[in-house]
Amino acid sequence: MQEHRALFVIFGGTGDLAKRKLYPSLFRLFRKGNIATHFAVIGTARREWSNDYFREIIKTAIEPLEPTKEEEEAFVQHFYYQSHNVTNTEEYTVIKTLADRLDEQYEIGGNRLFYLAMAPNFFGVITRHLKSEEIITNNGFNRLVIEKPFGSDYESARLLNEEIREVFEEDQIFRIDHYLGKEMIQNISAIRFANNMIESLWNNRYIDNVQVTLAESLGVEERGGYYDKSGALKDMIQNHALQIVSLLAMEPPRIFDDEEIRQEKIIALRSIRILSEAEVDQFFVRGQYSAGKLKDDTFAAYHDELNVAPDSRTETFVAGKLLIDNFRWAGVPFYIRSGKRLTEKGTRINIVFKPVPVNIFRENEATRKIKGKDVLTIYIQPTEGFSLTMNGKEIGPSFSLAPIKLDYRHSADALENSPEAYERLLLDCLNGDATNFTHWDEVAQSWRIVDVIRQAWDKDTAAIPSYAAGTMGPDEAFQLLEKDGHDWIWQP
Ligand code: NAD
């Protein structure tokens, strides 16, 4: 086990993301020995907290991981808190002094990881000061980790990127997309590139359509204020859905490393057709949830949620069809959908294969129904694994076809020990491995794809389709596939 040396400076150290994800992930890395003695964490935010109070917060954050008393004490000794307003230049000198002192005390060797767990409008001011106040070191690595949303359209993302690039090189910037830290997302490459049986069929000769669903059962909860300004297109499609599509659609990289994979993902994203505004309504539909009921639960309508405008036109659901204009994928629709308050939480990919060229079986109800429905399903969350649904003969005297499902799920035990997404990404970052982070070119191209859709919708004054909370979206989302002769597949 390689022990990493690093000083983590967490801006927004009192926030929700830091407490829910970062501190537990750091603890997991500590427990496994990835960080052990030569590390320290500075939490900064506006609140006036003492080190002792901060350490109590850390203890609470890692409680679910059931640390022993000794582990807990040893871990929290590495945590320091410094109150700091990121817009105040003078206050950065305090951070610098503390950082330099901890670097010496823990023999860290100048390695610094700056994690901006704050709203993006602060990214520019923070990075500028990291340079001007010389918090960036000359003797170790300096890496910047940032969270979504990365801009709200192409232009704002470009400006944000320019600000950051004045200080950090592209290979020092780690843009988190936590989906890319998930076990089964990383497994897409294993399934494709380690199985000739699969990769040789991975093209428009054999694949009929591809479906990516990112379903949430929750509503907006307490994030109504943020979500109402964003909506599903920017919150889920621009980043997570397009990242998944690029992994599915890319050409095999020459070798499995971050540079090569990025290149292929970027080419795949560039091959996705950018619609004209006039075309948007043939390819994309949106929806907003109305009040609904699922089993014994009743749910309020989106516009009655906390901090949501009563006349809000924000979409809580998006379904769309992407066309990829290259030799491999021409003619194969990639359907994507994501929404809140759907029937269940689940991220799944379905690769639907074409039917055999000739149906030699006598047509009857059973053969007609299933023909052509060989499906490879990749389960990303909450269960993780994959299944292959194929046609086989039904047991019995007559000759009928029936779908047979070969099903594999990782066991709960195996998953228990596998790293959590943020833990994996933090470790990648310590290793300087950017495979599972988003390159600027990917961000830029994703915005180009999404901006047209947003602009068309913003001009459209027609009522937004609604769907009852607890269903799988508005009728229009089903019609989108029906008009192509397809159906959404949603098998457990
Ligand atoms: P939060 O509101 O809980 O925390 C924000 C933090 O920033 C707090 O620590 C606050 O004190 C600090 N802060 C605000 N203004 C400051 C200033 N002027 N000077 C110094 N500190 C200041 O937010 P969060 O949920 O932790 O999210 C942080 C970022 O991560 C956001 O960009 C969010 O979009 C993104 N994100 C969050 C989640 C999540 O699960 N919470 C998931 C994905 C992305």
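# Ligand contacts and a helix pair

Q: What makes the pairing of Asn85 with the ligand a polar contact?
A: In this predicted model, an N or O atom in the side chain of Asn85 is 3.0 Å from a nitrogen atom of the ligand, and a polar contact is a pair of N or O atoms within 3.5 Å. Local features here need pLDDT of at least 70 and side-chain atom pairs count only at pLDDT 80 or more, while totals for chains, interfaces and linings use all residues. Residues are numbered from 1 along each chain as its sequence is written, and side-chain values use heavy atoms, with hydrogens and water left out.

Q: Which atoms of Val86 and Lys148 take part in contacts with the ligand?
A: A polar backbone atom of Val86 is 3.0 Å from a nitrogen atom of the ligand, and a backbone N or O atom of Lys148 lies 3.3 Å from a ligand oxygen atom.

Q: Which residues are the closest to the ligand?
A: The closest are Thr14, Asp16, Leu17, Arg20 and Met118, among 20 residues that surround the ligand, each having a heavy atom within 4 Å of it.

Q: Why are H10 and H11 called roughly perpendicular?
A: The axes (lines fitted to C-alpha atoms over the stretch in contact, with angles from 0 to 180 degrees between N-to-C directions) of helix H10 (residues 232-249) and helix H11 (residues 258-271) cross at roughly 105° and come within 8 Å. Because angles of 65 to 115 degrees count as roughly perpendicular, H10 and H11 are therefore roughly perpendicular to each other.

Technical notes: Helix = DSSP H or I, 4+ residues; strand = E, 2+ residues; numbered from the N terminus. Parallel < 35°, antiparallel > 145°, perpendicular 65-115°, else oblique. Polar contact = N/O pair within 3.5 Å; in protein donor to acceptor, adjacent residues only side chain to side chain.
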